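Here's a quick walk through one structure, written for someone who would rather look at side chains than at tables of statistics. Keep the viewer open and follow along.

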Amino acid sequence: VCVFPFAAQAEVDGLELGLNASAGYQYDSNVNIATTDTNTGEADTALLLNLGLDGAIPLSDKLSLGLGYGYLSTTYATFSSFDLAIHHVKAALRYEVNGFDSTLSFDQFAARVDDGQFLDIRQASPSLARLIGQKLYLRGSFTRAVKSFAGNSDRDAFNNAIRGDAYILID
């Protein structure tokens, strides 16, 4: 795998913008996409692309809106029926009060295989976080996700998850 990354960030009048991009080339000796239960058993090469654009807009000194878009693709030279593209759109409202960060985030993923619709995932997640002292950051969240498979509604699913994270900051 050969990858060429690029990243840039800017801040203008409190508005934060970030851009990242990478391109690469890979040799795949066993071309497959596990979720399609299909495998060629032959080798192929692929072009890899990854693009991301993120921004944060301050709405007040305690409230901000984050928006973003990401694109990831794998395009095979021979077996185009395994080409994969994933679009990710995200938005998050963040409110800071009394040392707590509360966030409500929304994500939409759209996965396409061979230029056809394959899987859509929509999820919403409220979270609450706090820095304790200068070294410990705690975060808890709940996520509700809805998965929809094109052409196979038997695989559609609703998922709920509770997550807790603890980070020890070294520097």
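Let's start with Leu67, which is partly exposed, since its relative accessible area is 41%, and partly exposed is the label for values between the buried cut-off of 20% and the exposed cut-off of 50%. Bear in mind that what you're looking at is a predicted model. Leu67 sits in strand E6, which covers residues 63-76.

Which residues keep Leu67 company on the surface? Leu67 belongs to a nonpolar patch together with Leu15, Leu17, Ile57, Leu59, Leu93, Leu104 and Phe106. Taken together, these residues offer about 650 Å² of accessible area. Two elements give two or more residues each to the nonpolar patch: strand E2 (15-28) and strand E8 (100-113).

Now for the pocket. The largest pocket holds about 590 Å³ of space. Its lining counts 33 residues, and the ones closest to the centre are Ala56, Ser64, Gly66, Ala92 and Arg94. If you're wondering how such a space gets spotted, rolling a probe the size of a water molecule over the atoms shows where empty space is left.

Which element gives the most to the lining of the largest pocket? That's E6, with six residues. E6 is also the strand that carries Leu67. Plenty of other strands chip in: E2, E5 (44-58), E7 (84-97), E8, E9 (116-132) and E10 (136-149), like E6, each supply at least two residues of the lining. As for chemistry, the lining of the largest pocket is made up of 12 nonpolar, 11 polar and 10 charged residues.

On to the charges. How many salt bridges does the structure hold? There are six, and here are three of them:

| Acidic residue | Basic residue | Closest N to O |
|---|---|---|
| Asp101 | Arg94 | 2.9 Å |
| Asp120 | Arg112 | 3.3 Å |
| Asp165 | Arg139 | 3.5 Å |

Take the pair of Asp101 and Arg94 to begin with. Asp101 counts as buried because its relative accessibility, 14%, is under the 20% cut-off. Its partner Arg94 counts as partly exposed, at 33% relative accessibility. Arg94 has turned up already, as one of the residues closest to the centre of the largest pocket. There's a third player here too: Arg94, Glu96 and Asp101 are linked in a network of salt bridges.

The pair of Asp120 and Arg112 can be read the same way. Asp120 lies in strand E9 and is buried, with a relative accessible area of 11%. Arg112, across the salt bridge, is partly exposed at 24%. If you'd like a long-range ruler, pick the C-alpha atoms of Asp120 and Asn160: these residues are 40 residues apart along the chain, and their C-alpha atoms are separated by 16 Å.

Then there's the salt bridge where the side chains of Asp165 and Arg139 meet, at 3.5 Å from N to O. This pair links distant parts of the chain, with Asp165 in strand E11 (residues 157-168), Arg139 in strand E10, and their positions 26 residues apart. Is Asp165 buried or exposed? Asp165 counts as buried, at 15% relative accessibility, while Arg139 counts as partly exposed, at 28%.

One histidine is worth a click as well. His88 is found in strand E7, where His88 is buried, with a relative accessible area of 18%. From His88 to Ser148 you travel 60 residues in sequence and 15 Å in space, C-alpha to C-alpha.

Last stop, the backbone. Where does Asn98 lie? Asn98 is in the loop between E7 and E8. Phi of Asn98 is near 50 degrees, a positive value in a residue other than glycine. Asn98 is exposed because its relative accessible area, 67%, is over the 50% cut-off.

Asp114 gives you another such case, with phi near 50 degrees, again positive in a residue other than glycine. Look for Asp114 in the loop between E8 and E9. At 40% relative accessibility, Asp114 counts as partly exposed.

Terms used. Residues are numbered from 1 along each chain as its sequence is written. This is a predicted model: local features need pLDDT of at least 70, side-chain atom pairs count only at pLDDT 80 or more; totals for chains, interfaces and linings use all residues. Side-chain values use heavy atoms; hydrogens and water are left out. Patches are made of residues with over 30% relative accessible area and no salt bridge: like charges are joined within 9 Å, nonpolar side chains (Val, Leu, Ile, Met, Phe, Trp, Tyr) within 5 Å. Accessible areas come from the Shrake-Rupley method with a 1.4 Å probe; for residues, only the protein chains shown count as cover. A salt bridge is a side-chain nitrogen of Lys or Arg within 4 Å of a carboxyl oxygen of Asp or Glu. Helices (H or I, at least four residues) and strands (E, at least two) are DSSP runs, numbered from the N terminus. Buried means under 20% relative accessible area, exposed over 50%, partly exposed in between (1.4 Å probe, protein chains only). On a 1 Å grid over the protein atoms alone, a cavity is a set of points where a 1.4 Å probe fits but cannot get out, and a pocket is an open set with protein on both sides within 12 Å along at least five of seven lines; lining residues have an atom within 4 Å of a point. Grid points are joined across faces, edges and corners, and a volume is the space filled by probe spheres set on the points. Ala, Val, Leu, Ile, Met, Phe, Trp, Tyr, Cys and Pro count as nonpolar, Asp, Glu, Lys and Arg as charged, and the others, Gly among them, as polar.
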